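Here are some friendly notes to read with the model open beside you. Take the points one at a time, and find each residue on screen as you go.

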Amino acid sequence: MRRNRVHGRLPVVLVLPAVIGLAFLLVPLAGLLIKTPWASLSTSLSAEVGEALRLSLICASLATVLCLFLGIPLAWLLARSGLPGRGFLRALVTVPLVLPPVVGGVALLLVLGRRGLIGEHLDAWFGISLPFTTAGVVVAEAFVAMPFLVISVEGALRAADPRYEEAAATLGASRWLTFRRVTLPSVLPGVVAGAVLCWARALGEFGATITFAGNFPGETTTMPLAVYLALETDPDAAIVLSIVLLLVSVGVLAGLRDRWISGPT
């Protein structure tokens, strides 16, 4: 049932700060659009810019796949298992959301670097070195983006009706079969929403990437890093890359708005 709206004159004490806040968020974006060199847009897209675009899309997609593979089971563990200390684990999972990305990159170096806790053994036993490689970009992006997926999927699991899973269990289905045939389809919208947000976050990652993977053109230079470099040498290219990232962000929000983000009107 639709709630009754409160009619009457809007208080200035609320409207004025709201308008200023809206302008604070939108004016910089409008300035970016105004300053975009639309006439020379095609010439600003150099080979280096195209390479950064390609690398960003590939790495963000691979990071999202990694997050799906690890994050969905983790979300299920937090939402469905009777594991003690789940609240503490949930808090740990959300730490990358508030942790400065540069700190996350340093943490990855200390663990997965050639002299790190795990990276030392990976290098000695298997010859695998993740820092300053394309694989390192994927790992850094997945580290900062996975909480978005886990939170989204866990929320969907908590909201799902458990009676369907109980019915499947009474019919003799194993927990794995129930998860594949009942649980996962029922939370698919949450999985898709989390995956899209995860992909968008990975696409815009900068701090952890430059700290853990470095900035090597064609190998680790993603779009955010290319924007940072282009500001010093080719501002038009930096604006073009920023526009691309802005369009991706707007596209993500537009795609999720009606089904997963917007609340009751």
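1. Let us begin with a term. A nonpolar core is a set of buried Ala, Val, Leu, Ile, Met, Phe, Trp, Tyr and Cys residues joined through side-chain atoms within 4.5 Å. Buried, in turn, means under 20% relative accessible area. Please keep in mind that this is a predicted model.

2. Now for the overall layout. The chain has 14 helices and zero strands. Of its 265 residues, 34% count as buried. Among contacts with a separation of 6 or more, 73% link residues 24 or more positions apart.

3. Which residues touch the most other members of the largest nonpolar core? They are Cys 67, Val 150, Val 153, Leu 157, Val 187, Met 223 and Leu 241, out of 39 residues in that core. The elements that supply two or more residues are α3 (47–80), α8 (134–159), α11 (188–203), α13 (223–233) and α14 (235–261). Helix α3 gives the most, with twelve residues. As background, nonpolar side chains in soluble globular proteins tend to be buried together.

4. Met 223 is a good place to zoom in. Setting aside neighbours within four places in sequence, Met 223 is in contact with Ala 52, Leu 53, Ser 56, Leu 203, Leu 241, Val 244 and Leu 245. Apart from the largest core lies another one, of seven residues, and Leu 112, Leu 130, Ala 208 and Phe 212 are among them.

5. Next, the cysteines. A search of the whole structure finds zero disulfides. Why does Cys 67 not form a bond with Cys 198? The sulfur of Cys 198 is the closest cysteine sulfur to that of Cys 67, but at 3.5 Å it is too far for a bond, because a disulfide needs the two sulfur atoms within 2.5 Å. Cys 67 is buried, with a relative accessible area of 0%, and Cys 59 is also buried at 0%.

6. Helix α6 (residues 101–112) lets you check a length yourself. Its twelve residues, at 1.5 Å a residue, should span 16 Å, and the end C-alpha atoms are indeed 16 Å apart. The buried residues of α6 are Gly 104, Gly 105, Leu 108 and Leu 112. These buried residues cover an arc of only 100 degrees around the axis, so they sit on the same side of α6. They pack against α7 (119–126), α8 and α12.

7. Ala 208 belongs to helix α12 and is buried, with a relative accessible area of 0%. How far apart in space are Ala 208 and Val 106? Their C-alpha atoms are 7.5 Å apart, although the two are 102 residues apart in sequence. Leaving out neighbours within four places in sequence, the contacts of Ala 208 are Pro 101, Val 102, Gly 105, Ala 140, Val 144 and Ala 213.

8. Finally, have a look at Glu 205, in the loop between α11 and α12 (207–212). Is Glu 205 buried or exposed? Its relative accessibility is 0%, so Glu 205 counts as buried. The side chain of Glu 205 makes a polar contact of 3.0 Å with the side chain of Arg 201, and reaches the backbone nitrogen of Ala 208 at 2.5 Å. Beyond four places in sequence, Glu 205 is in contact with Pro 101, Glu 141, Val 144, Thr 222, Pro 224 and Leu 225.

Technical notes:
Residues are numbered from 1 along each chain as its sequence is written. This is a predicted model: local features need pLDDT of at least 70, side-chain atom pairs count only at pLDDT 80 or more; totals for chains, interfaces and linings use all residues. Side-chain values use heavy atoms; hydrogens and water are left out. Buried means under 20% relative accessible area, exposed over 50%, partly exposed in between (1.4 Å probe, protein chains only). Helices (H or I, at least four residues) and strands (E, at least two) are DSSP runs, numbered from the N terminus. Contact means heavy atoms within 4.5 Å. A polar contact is a pair of N or O atoms within 3.5 Å; within protein, one must be able to donate a hydrogen and the other to accept it, and residues adjacent in sequence count only if both atoms are side-chain atoms. The expected span of a helix is 1.5 Å times one less than its number of residues. The arc is that of the directions from the helix axis to the C-beta atoms.
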